[in-house]
Amino acid sequence: MRKIRNIIAVMVCKILIFISKLLGKKGSSGPGSIAMKISPTILRDLSSQLKGPVVMVCGTNGKTTTNNLLYSLFKSKGKRVVCNNVGANMLPGVACAFIDSASVFANLKADCASIECDEASLRRVVPHVKPDIVVITNLFRDQLDRYGEIEQTLGLLDEALCMTKDTLLVINGDDPVSVRLSYGRKCIFYGVGEDCALLQSDSKEGRFCLDCGNELSYNYNHYSQLGDYYCKNCGFKRPELDYVAKNVNLSNGLKFDIDGKEHITLSLNYRGFYNIYNILASICAFAQSGYSTDGIGKVFDEYKPQIGRMESFDVRGKQIILNLAKNPAGFNQAISTVMSDENKKDVLIAVNDMPSDGRDVSWLWDIDFEALKSENVGRIYLSGTRKYDLAVRLEYAGFENFTVCDTDKDSLSDIISKSEKVCYMLVNYTVLFDVQTSLKVLSGQNEEGIGK
């Protein structure tokens with residue numbers, strides 16, 4: 001009877017995924033929810049058929065990129081991989097990923113799994129799928145009305161990890177908040193092992209020692225609370241790093257060395273210092289899964305960023321760069337990346353407050369918009385349901401000239417026609433997909449856009 005329920009659940013889910021895609025939707029979450037109602041054990045039964053390791057990637061920022069880089073690394077070894085690489089990272093989305101990889105008879109022939117998991121959902125996923133490795137990228141404030149402050153997110157992850165006693169944690173050692181999860185657990189740490197002289201003015205969100213409450217000191221600080229920290233009061237400090245990025249050069253893309261199980265030198269056409277952490281995390285998890293890192297540079301060279309991860313479009317000879325930014329740390333790093341581009345550019349900032357974004361947008365006041373003051377920044381456009389909140393924030397930042405606008409296709413076309421050769425579009429979650437669809441049309445990447 002259980003096998004029959006599983007087969008029915010898989011067939012229904014696959015049909016719903018197919019219909020969703022026909023309707024232009026991703027079909028990456030809803031069908032999984034229905035499948036689990038038909039057969040509550042479907043995910044547990046499918047995941048138990050995996051031949052190799054299960055890696056779950058959690059954290060506030062960078063988990064989609066890290067997970068998809070890891071997926072690419074596994075695929076480069078010829079492995080069959082279960083992966084929710086479209087970013088559906090709650091329980092129904094994880095179920096969808098496994099079902100999509102299974103046969104209609106509920107049989108799963110896969111070598112490993114690379115699963116992105118929402119921090120609050122990990123405790124709901126691990127009873128169904130037991131991870132061999134859990135990656136923690138970082139922990140910042142995000143969606144305050146859903147997660148609360150960082151300590152609450154930390155508690156949710158701790159609850160989940162208590163259910164996975166034998167799991168290896170791969171933790172960003174530069175993050176004092178994430179390191180708190182390592183206590184009493186099997187861990188390895190990665191980080192950047194030198195001062196990269198980044199110009200930072202954003203606040204350190206996790207700046208107090210979680211052991212004694214004293215403010216942390218730093219030998220050097222990369223951004224937010226990430227860096228080489230220590231507590232003068234109780235002795236808490238950054239752990240010894242197992243995988244270390246050194247000789248970092250940000251002058252033209254990303255160039256750096258990694259000392260770990262093997263020495264690796266990478267030279268990549270990536271934007272953003274934060275991508276060093278994403279690359280480190282993926283390599284760490286990959287190596288700990290038992291694979292050699294020989295020749296992985298080619299994998300990173302060929303990797304195509306997911307939706308809105310410094311995604312580039314050519315629209316009428318102008319470069320439009322779309323980037324997802326959904327919290328202060330993400331926005332500050334996006335702005336830092338914008339300002340590292342020496343070209344003259346315009347900037348669109350769009351923030352919604354839908355349930356998926358978080359209704360509380362008080363975090364807008366923690367973004368370093370002042371850093372956009374430069375002769376190389378031309379027009380600034382503000383959009384989204386909170387465009388007037390953005391306008392007030394920019395007025396307090398000392399800006400006098402900015403334009404409030406919409407983000408429909410015609411409005412974006414008008415912005416691009418007036419823009420410099422480069423235009424950055426920094427948007428949060430529910431703005432992202434509509435803007436990307438419009439940019440695809442405007443750049444001629446789908447049928448509606450051909451010839452435009």
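# A walk through the predicted model

The side chains of arginine 80 and aspartate 111 come together in a salt bridge, with 3.5 Å from N to O. The model in which this contact appears is a predicted one, and the salt bridge is a convenient place to begin reading it. The pair links distant parts of the chain, since arginine 80 sits in the loop between helix H4 (63-76) and strand E2 (81-83), while aspartate 111 sits in the loop between helix H5 (91-101) and strand E3 (112-116), 31 residues apart. The two partners can also be described by their exposure: arginine 80 counts as partly exposed because its relative accessibility is 38%, and aspartate 111 counts as buried because its relative accessibility is 16%, where buried means under 20%.

A search of the whole structure finds 16 salt bridges, and another of them joins the side chains of arginine 386 and aspartate 353, at 2.8 Å from N to O. Arginine 386 lies in the loop between strand E15 (377-383) and helix H13 (387-396), and aspartate 353 lies in the loop between strand E14 (345-350) and E15, so this pair ties together parts that are 33 residues apart in sequence. Aspartate 353 counts as buried, because its relative accessibility is 13%.

The side chains of aspartate 410 and lysine 409 also meet in a salt bridge, this time at 4.0 Å from N to O. Here aspartate 410 is exposed, with a relative accessible area of 57%, whereas lysine 409 is partly exposed, with a relative accessible area of 24%. Elsewhere, salt bridges that share partners join Asp174, Asp228 and Arg238 into one network.

One member of that network, Asp228, leads to the next residue to look at, for it is among the residues that serine 217 touches, together with Tyr229, Tyr230 and Lys232, when residues up to four places away in sequence are not counted. Serine 217 lies in strand E7, and it counts as buried because its relative accessibility is 14%.

Strand E7 (residues 217-223) also holds tyrosine 223, whose partner phenylalanine 273 is found in the loop between strand E11 (263-268) and H10, so that a pair of residues 50 apart links distant parts of the chain. A pair of aromatic rings is described by the distance of the centres and the angle of the planes. For tyrosine 223 and phenylalanine 273 these are 6.3 Å centre to centre and 85° between the planes, and the pair is edge-to-face. Are these two residues buried or exposed? Tyrosine 223 is buried, with a relative accessible area of 4%, and phenylalanine 273 is buried as well, with a relative accessible area of 6%. Ring pairs link Phe140, Tyr223, Phe273 and Tyr277 into a cluster, and the count for the structure comes to 13 aromatic pairs.

The interior can be followed next. The largest nonpolar core has 75 residues, and those with the most contacts inside it are Phe256, Leu266, Ile276, Ile279, Phe300, Ile349 and Phe369. Helix H10 (residues 274-288) gives the most to this core, with eleven residues. Isoleucine 279, leaving aside residues up to four places away in sequence, touches Leu69, Leu254, Phe256, Leu266, Leu268, Tyr270 and Phe300. A second, separate core has 56 residues, including Ala110, Ile115, Ile150 and Val179.

Leucine 280 also has its place in helix H10, and it counts as buried because its relative accessibility is 1%. Which residues does leucine 280 touch, not counting those up to four places away in sequence? They are Tyr190, Gly191, Tyr243, Ala245 and Ile258. Phenylalanine 208, by contrast, is 72 residues from leucine 280 along the chain, and the C-alpha atoms of the two are separated by 25 Å.

Finally, nonpolar side chains also appear on the surface. Ile15, Phe18, Ile19, Leu22 and Leu23 make a nonpolar surface patch of about 560 Å². Leucine 23 lies in the loop between helix H1 (2-22) and helix H2 (30-38), and it counts as exposed because its relative accessible area is 63%, where exposed means over 50%.

Key
Residues numbered from 1 in each chain as written. Predicted model: local features only at pLDDT ≥ 70, side-chain atom pairs only at ≥ 80, totals over all residues. Heavy atoms only, no water. Core = buried A, V, L, I, M, F, W, Y, C linked by side-chain atoms within 4.5 Å. Buried < 20%, exposed > 50% of the residue type's maximum accessible area, 1.4 Å probe, protein only. Helix = DSSP H or I, 4+ residues; strand = E, 2+ residues; numbered from the N terminus. Contact = heavy atoms within 4.5 Å. Patch = residues over 30% accessible without salt bridge, like charges linked within 9 Å, V, L, I, M, F, W, Y side chains within 5 Å. Areas by Shrake-Rupley, 256 points an atom, 1.4 Å probe, with all protein chains shown as cover. Phe/Tyr/Trp six-rings, centres within 6.5 Å; stacked < 30°, edge-to-face > 60°.
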